[in-house]
Amino acid sequence: MFEKFFLLKPVLTAISGGKIFTVLFSWFLKILSGILAVGALYGSWLLWSNLSKITGGMGGESSFKFFLGAAFAEILILALVFIVINILLIRSEDIEKLPLAKYYPVTPIIVIFIKMMGEIFASTYAFISLAFALVSWTVGGSVLSMLPFPHLPGLSTSGGGSLTSGLITIAQGSIIGFLLLVFAYFAAEATGALVDIARNTKK
């Protein structure tokens, strides 16, 4: 009798089926990868356009070292951005290809998202630690402190450019990144297992 007034029923049915979540989240990751690419290019342009202002008060040798360090840092950070964009696009495709589930359709998306975050954090720690070490060995710790390197929790970036401090930074980044990846995959698998148990109880 009242079904003709249920205008939102098709919308709620589509939402309950889960397809709308896979489509929206897949496109969200694609758009995020595009924003990240544009942001990286803008940051690169900003750095090089202001390079003369930054190095204006430096001597010739310090200015050259800063330029060399900035070039190394730029290449390595752009490579990291490329890796993260690849992860976002691959996981976007995985979400898009998820089969429709009768119960708990959002959980498989969350499982993939948790894994994706672990992959991104692991890549970031490993790559930033490697970039820090390589740049510090190339241009020295005094110039490195002036470069816009991100500071990650648990990662020591206060070395003076020595071989030992660089190796310690690489080891820290690799270990922390690996542990974050393991924890993320464990959390994703535990979430998926709980949902599988809940689905089996409904059969």
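## A walk through an all-helix chain

Let's start with how the chain connects to itself: among contacts with a separation of 6 or more, 76% link residues 24 or more positions apart. Keep in mind as you look around that this is a predicted model. Its secondary structure comes to seven helices and zero strands, so reading along the sequence gives the pattern α-α-α-α-α-α-α. Of the 203 residues in the chain, 33% count as buried.

Now step inside. The largest nonpolar core has 19 residues, and the members that touch the most others are L88, I95, M116 and I120. Helices α4 (60–96) and α5 (107–139) each supply at least two residues of this core, with α5 giving the most, nine residues. M116 is a good place to pause: setting aside neighbours within four places in sequence, M116 is in contact with L29, I87, L88 and R91. L88 thus appears both in this list of contacts and among the core members that touch the most others.

Next, come out to the surface. The chain exposes about 12,300 Å², and carbon and sulfur atoms supply 74% of that area. Here you can find a nonpolar patch formed by I20, F21, L24, V106 and I110, which together have about 380 Å² of accessible area. Helix α2 (residues 19–49) provides the largest share of the patch, three residues. One patch member to pick out is F21, which is found in helix α2. Why can F21 belong to a surface patch? F21 has a relative accessible area of 33%, which makes it partly exposed, and patch members need over 30%.

Methods. Residues numbered from 1 in each chain as written. Predicted model: local features only at pLDDT ≥ 70, side-chain atom pairs only at ≥ 80, totals over all residues. Heavy atoms only, no water. Patch = residues over 30% accessible without salt bridge, like charges linked within 9 Å, V, L, I, M, F, W, Y side chains within 5 Å. Areas by Shrake-Rupley, 256 points an atom, 1.4 Å probe, with all protein chains shown as cover. Salt bridge = Lys/Arg side-chain N within 4 Å of Asp/Glu carboxyl O. Helix = DSSP H or I, 4+ residues; strand = E, 2+ residues; numbered from the N terminus. Buried < 20%, exposed > 50% of the residue type's maximum accessible area, 1.4 Å probe, protein only. Core = buried A, V, L, I, M, F, W, Y, C linked by side-chain atoms within 4.5 Å. Contact = heavy atoms within 4.5 Å.
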